Amino acid sequence: MNDQTLNPRRVPWTAVIVFVAVSFVLSWLVALPLWLGDGLAEPSSVFLLPVMMFTPAVAALIVTFAMRVPAPGQRARFLGLWPLRPAKRVIWLMVAGWLVPPLLVGLGVLLSAALGFVQLDLTFSALAAELEKAVPAGTPQPPVQVVVFAQLAMIPVGALFNSLFAFGEELGWRGWLLPALRPLGTWPALILSGVIWGVWHSPIILLGYNFGRTDITGILFMIGGCVAWGVLLGWLRLRSASVWPAVIAHGSLNAAAGLILIVAATQPDLALAGPLGVATWVVLALVAVVLQLTGQFRAQPELADASGRLLSAPRP
């Protein structure tokens, strides 16, 4: 028996370190052509960025099958792939993961406006000007309101499409890492997994992805955003005992990420006003407080641990 599985109440630290190292190394390797080329302007970025999202899944599969963490017999349950029960709860949390993130992103936009982080343009004139620049002069265009409505209506569809790529990340972060860290307690596991998730983005954050910041501040803002969203995605995972609600929520977040750009009068500072920015942290912190006060972090079904045994919720 692997020595990682002898104590069901202990974090399998060796496997965690290997998982983190493999996911980080693979992410840098995938992003290397961008660093050697034109950065995010490199044409291959359209292909490489989705590929990078699957590096946590590869790391999870390596520690699962090469290091036997979790032990055979409960691997699907440990990773949250199966069984989908209690079915009613899993389905409702999948629906919540599908529909709620865009609402939270929208609340983040409104709070950003209230705090002065962004000036809203509800006539969408700034967007109309950008659309005109994107096509040859004189090209007929539909009214900008029609374009906005179409983009908003496509968010639920885009959420499902983006979930295909979000699965690569979620199998690693919420499927493998969060349950592996769960013996630390719910909140330490949520925060530590969020920090690791944020740092993993470094290869593209340092190229200006998300925030346009190519220094340590970009990484720090990404860590903050990933911890904030990681609490919500982690709660979906722990409350449902399934990774699928977190997968859909991650896809939904990605689909709604451009909402701020539709309603902003000028280019905002995304570190403050974006879906991973400070204003949205506040919104997500309030959601986390409500979940905590209503006992939602204590109400966790049994999850398989690294040894394959079923464990009830640890201390918060």
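The following dialogue explains how to read several features of this structure.

Visitor: What kind of model is this, and which residues enter local features?

Guide: This is a predicted model, in which local features need pLDDT of at least 70, side-chain atom pairs count only at pLDDT 80 or more, and totals for chains, interfaces and linings use all residues. Residues are numbered from 1 along each chain as its sequence is written, and side-chain values use heavy atoms, with hydrogens and water left out.

Visitor: How many residues has helix 11, and what is its reach from first C-alpha to last?

Guide: Helices are DSSP runs (H or I, at least four residues), as are strands (E, at least two), numbered from the N terminus. The expected span of a helix is 1.5 Å times one less than its number of residues. Helix 11, residues 216-240, has 25 residues and reaches 35 Å, close to the expected 36 Å.

Visitor: Where is the kink in helix 11 centred?

Guide: The bend at a residue is the angle between axes fitted to the seven residues ending there and the seven starting there. In helix 11 a kink of about 30° is centred on Gly230.

Visitor: Is helix 11 mostly covered or mostly uncovered?

Guide: Buried means under 20% relative accessible area, exposed over 50%, and partly exposed in between (1.4 Å probe, protein chains only). In helix 11, 22 of the 25 residues are buried, so the helix is mostly covered.

Visitor: What follows helix 11?

Guide: Just after helix 11 comes Ala241, with a positive phi of about 60°. Ala241 lies in the loop between helix 11 and helix 12 and is buried, at 11% relative accessible area. Ser242 is in that loop too, buried with a relative accessible area of 0%.

Visitor: Which residues does Ser242 contact?

Guide: Contact means heavy atoms within 4.5 Å. Leaving aside neighbours within four places in sequence, Ser242 is in contact with Gly80, Leu84, Val90, Leu236 and Arg237.

Visitor: Which peptide bonds are cis?

Guide: The bond from Val69 to Pro70 is cis, with omega near 10°, and Pro70 is in the loop between helix 3 and helix 4. Another cis bond joins Arg85 and Pro86, with omega about 5°; Pro86 is in the loop between helix 4 and helix 5.

Visitor: Where is Arg68, and what is its phi?

Guide: Arg68 is in the loop between helix 3 and helix 4. Its phi is near 60°, a positive value in a residue other than glycine, and Arg68 is partly exposed at 44% relative accessibility.
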